[in-house]
Amino acid sequence: MASNKTYTEKERTIDVIADVDVLVVGGGPAGIGAAVGAAKTGASVMIVENMGSFGGMWTNGMVITLGGFNCWLKPYRRCVAGVMGEWIAMAAKRGGAEDNRSWVLSSDPEIMKLTADEILTKYGVKCLLHTWVADAIVEDNAVRGVIVENVDGRSAIMAKNVVDCTGNGDVMARAGAEFNIAEELQPMTLPFFFAEVEPQGKIPMEDELIIPKGPEPGYLGDVGLSYSSRRRDVGVDVNDPALAEAYREGKLPFFGGPWFGGLRRNFPWVNTTRVYGSAINARELTDCEIEARRDAHAIADHYRANCKGFERSWIMNTAPTMGVRETRRLVGEYTMTRADLVENTTKADSIAMGVWPIDIHPPKGQNGAHDMYVPVPYQISYKALVPVKIDNLLVAGRCASTDREAMGSMRLGATCGAMGQAAGVAAALGAQTGCTPRNLDYKTIQSELLHQGAIIE
Ligand SMILES: Cc1cc2nc3c(=O)[nH]c(=O)nc-3n(C[C@H](O)[C@H](O)[C@H](O)COP(=O)(O)OP(=O)(O)OC[C@H]3O[C@@H](n4cnc5c(N)ncnc54)[C@H](O)[C@@H]3O)c2cc1C
């Protein structure tokens with residue numbers, strides 16, 4: 001994209017449109033956790049989101065199989081509650097989400113959007129949609145606010161503490177915090193909904209809500225659960241060997257899974273397109289989005305022509321934005337690693353629990369399902385949310401401080417939301433006491449999280 005030309009912007013004075021205790025950037029699961037967590041702690045909170053609705057990947061990325069709530073291993077139990085638990089309960093009450101002990105909870109993205117609005121407004125969070133955070137305001141090594149762009153033009157929002165929940169770590173990068181990025185990133189996926197599919201499965205949807213088989217408690221082997229746990233309870237029959245054959249013969253574009261899900265019987269959702277590039281490079285992201293949309297239609301055409309039950313099907317909608325699995329990872333006061341998950345190290349400053357397998361989608365050339373490593377539920381350190389260098393900034397969600405393997409598990413939505421809640425609580429406590437998040441006593445954060453119903457051990 002770059003030409004050799006440059007242009008120097010003129011200096012200008014802009015309006016400060018808000019001055020709050022806690023500013024949350026990004027309205028995905030982490031951002032919702034952070035904003036509500038901070039508001040419940042008593043802070044004045046604003047949340048800024050680039051899209052026209054909240055929910056991040058869970059809504060606008062159309063990732064509808066909400067994961068990270070429940071343990072994969074017996075006893076199947078809830079490991080993320082708090083704000084995420086309240087949100088899912090609100091959605092379930094409207095018939096828009098499962099709320100049980102399954103390894104994923106299928107949801108309706110429209111109800112998740114609606115209930116995201118409801119939970120944010122219920123706790124008095126000031127919401128700003130359609131607003132892009134373009135820069136961080138940094139003075140004396142501390143973030144003081146951000147520069148935003150929206151239909152009103154360019155303005156500033158000031159805050160005592162800022163929580164970066166952008167997934168990509170846009171605020172931390174612009175603030176000059178250290179971060180890592182892998183040379184080879186996980187593929188991106190544009191999920192889509194089919195309409196008018198005739199289910200072929202004999203299993204009623206309710207019967208498979210609990211993972212049908214899995215290792216016993218404490219199991220830490222290398223077995224890939226991804227095949228046995230394939231979510232085919234929506235009754236679709238796409239004939240996996242035939243798909244693999246069609247791909248080999250060049251009749252199908254590259255694909256992952258396919259993983260199906262959804263709450264509506266004739267309208268299954270599928271996570272299957274698989275494209276490679278960097279989501280923090282606008283040119284590559286554009287190319288990937290175009291490629292994935294083309295692939296989605298090619299895959300749907302193939303199913304319609306070859307798979308029983310799909311004869312009358314069509315694509316009802318692709319996700320409003322590309323599903324991104326991996327970009328920047330903070331260098332934090334602590335980095336969560338594969339060893340933390342595999343060895344299940346105890347964390348005195350635990351602020352959330354992770355449960356999902358180490359789920360790293362494979363590099364180019366490998367389609368279909370992939371093996372995953374299933375850890376027992378593990379604790380997440382508060383310090384993984386605290387940048388080593390920059391003050392008044394916390395980083396939660398997909399861009400928290402992890403190695404690639406730990407991120408492969410911690411990137412799941414509910415885990416991101418739980419990290420977000422902790423970051424919001426810490427940001428609020430910091431604003432109230434004047435203590436920088438780095439120096440907060442983790443016990444006060446834990447005590448407030450427990451008070452808010454979060455699970456930390
Ligand atoms: C295809 C795919 C399948 C997945 N499968 C599952 C699954 O089955 N279950 C599950 O739970 N998780 C799954 N995940 C992972 C999970 O959805 C995400 O990792 C999780 O949503 C991350 O949460 P987050 O809040 O950190 O970031 P996000 O959900 O990405 O939210 C970040 C938000 O910040 C906004 N934003 C970004 N930059 C800016 C900016 N500069 N200014 C303003 N706003 C900004 C974005 O618009 C977005 O709303 C999947 C992910 C993908 C891509």
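How far apart do the C-alpha centres of domain 1 and domain 2 lie? In this predicted model, the two centres are separated by 28 Å. The domain assignment of the protein chain places residues 16-184, 326-361 and 375-451 in domain 1, while domain 2 is given as residues 192-318.

The ligand is surrounded by 42 residues, of which Gly-26, Gly-28, Gly-56, Gly-323 and Gly-397 come nearest. Several elements of secondary structure contribute to this shell, and at least two residues are supplied by each of helix α1 (29-40), strand β3 (65-67), strand β6 (132-139) and helix α9 (413-433). When the residues of the shell around the ligand are sorted by class, 18 are nonpolar, 19 are polar and 5 are charged.

A pair of helices was also examined. The axes of helix α2 (residues 82-93) and helix α3 (residues 109-122) come within 9 Å of each other and cross at roughly 125°. This angle lies between the bound of 115 for a roughly perpendicular arrangement and that of 145 for a roughly antiparallel one, and α2 and α3 are therefore oblique to each other. The crossing of these two helices, α2 and α3, is right-handed. On the side of α2 the contact is made by Glu-86, Trp-87, Met-90 and Ala-91, and α3 contributes Ile-111, Met-112, Thr-115, Ala-116, Glu-118 and Ile-119. By class, the contact of α2 with α3 comprises 7 nonpolar residues, 1 polar residue and 2 charged residues.

Definitions and conventions
Residues are numbered from 1 along each chain as its sequence is written. This is a predicted model: local features need pLDDT of at least 70, side-chain atom pairs count only at pLDDT 80 or more; totals for chains, interfaces and linings use all residues. A residue is near a molecule or strand if its C-beta atom, placed from the backbone, lies within 6 Å of it. Helices (H or I, at least four residues) and strands (E, at least two) are DSSP runs, numbered from the N terminus. Ala, Val, Leu, Ile, Met, Phe, Trp, Tyr, Cys and Pro count as nonpolar, Asp, Glu, Lys and Arg as charged, and the others, Gly among them, as polar. Axes are lines fitted to C-alpha atoms, for helices over the stretch in contact, and angles run from 0 to 180 degrees between N-to-C directions. Angles under 35 degrees count as roughly parallel, over 145 as roughly antiparallel, 65 to 115 as roughly perpendicular and the rest as oblique. A crossing is left-handed if the near helix is turned anticlockwise from the far one by less than a right angle, and right-handed if clockwise. Two residues are in contact if their C-beta atoms, placed from the backbone, lie within 7 Å. Domain bounds come from an automatic or database domain assignment.
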